[in-house]
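Let's take a walk through this protein together, with the sequence and the model side by side. Keep the view free to rotate as you read.

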Amino acid sequence: MLCISLMPGEYFTVGGSTVIQFDRLSGERAHITIHAPREVPILRGEVLERQGGKRPDCVMPLSKR
């Protein structure tokens, strides 16, 4: 798994046609912008799992606070 640290305004690309940009940090929330072709499905993890999808094995568990 690749782990990337970004400053606001920085971005990375996936597959040449998808761009993920770090917009800002607000409290404990990171705001990101995703530019991808319409045919690329983008789902929040909670929506995927609510619809019966499996949590990807590569996703780290939530840390206990």
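This predicted model contains three strands and one helix. Following the sequence from its start, you meet them in the order β-β-β-α. The overall dimensions are worth a look at this stage: the radius of gyration is 14 Å, well over the 11 Å that the globule rule gives for 65 residues, so the protein is more spread out than a compact globule. Its C-alpha trace extends about 35 × 35 × 20 Å along the principal axes.

Two further values help to fill in that picture. Of the 65 residues, 6% are buried, where buried means under 20% relative accessible area. Among contacts with a separation of 6 or more, 6% link residues 24 or more positions apart.

Now turn to the strands. Strand β1 covers residues 11–14 and runs antiparallel to strand β2, residues 18–26, with four bridges joining the two. To find your bearings in this pairing, look for Phe12, whose bridge partner in β2 is Ile20. The hairpin made by β1 and β2 has three residues between the strands, and Gly15 there adopts a positive phi near 65°.

From β2, move on to strand β3, which spans residues 29–35. β2 and β3 are also antiparallel, and seven bridges connect them. A handy landmark here is Gln21, which stands opposite Thr33 in β3. How many residues lie between β2 and β3 in their hairpin? There are two, and Gly27 in the turn has a positive phi of about 65°. β2 thus takes part in both pairings, with β1 and with β3.

With the strands in place, let's look at the empty space. The largest pocket holds about 1,700 Å³. Its lining is made up of 30 residues, and those nearest the centre are Ile32, Leu43, Arg44, Gly45 and Val59. β2, β3 and α1 (45–50) are the elements that each supply two or more residues to this lining. Which element gives the most? That is β3, with five residues.

What about the chemical character of the lining of the largest pocket, in terms of nonpolar, polar and charged residues? The lining has 20 nonpolar residues, seven charged and three polar. If you want a place to finish the tour, centre the view on Ile32, one of the residues nearest the middle of the largest pocket, and on the strand β3 that spans residues 29–35.

Methods. Residues numbered from 1 in each chain as written. Predicted model: local features only at pLDDT ≥ 70, side-chain atom pairs only at ≥ 80, totals over all residues. Heavy atoms only, no water. Pairing = 2+ DSSP bridges. 1 Å grid on protein atoms, 1.4 Å probe; cavity = no way out; pocket = protein on both sides within 12 Å on 5 of 7 lines; lining within 4 Å. Points joined across faces, edges and corners; volume = space filled by probe spheres on them. Nonpolar A, V, L, I, M, F, W, Y, C, P; charged D, E, K, R; others polar. Rg over C-alpha atoms; globule rule 2.2 N^0.38 Å. Buried < 20%, exposed > 50% of the residue type's maximum accessible area, 1.4 Å probe, protein only. Contact = heavy atoms within 4.5 Å.
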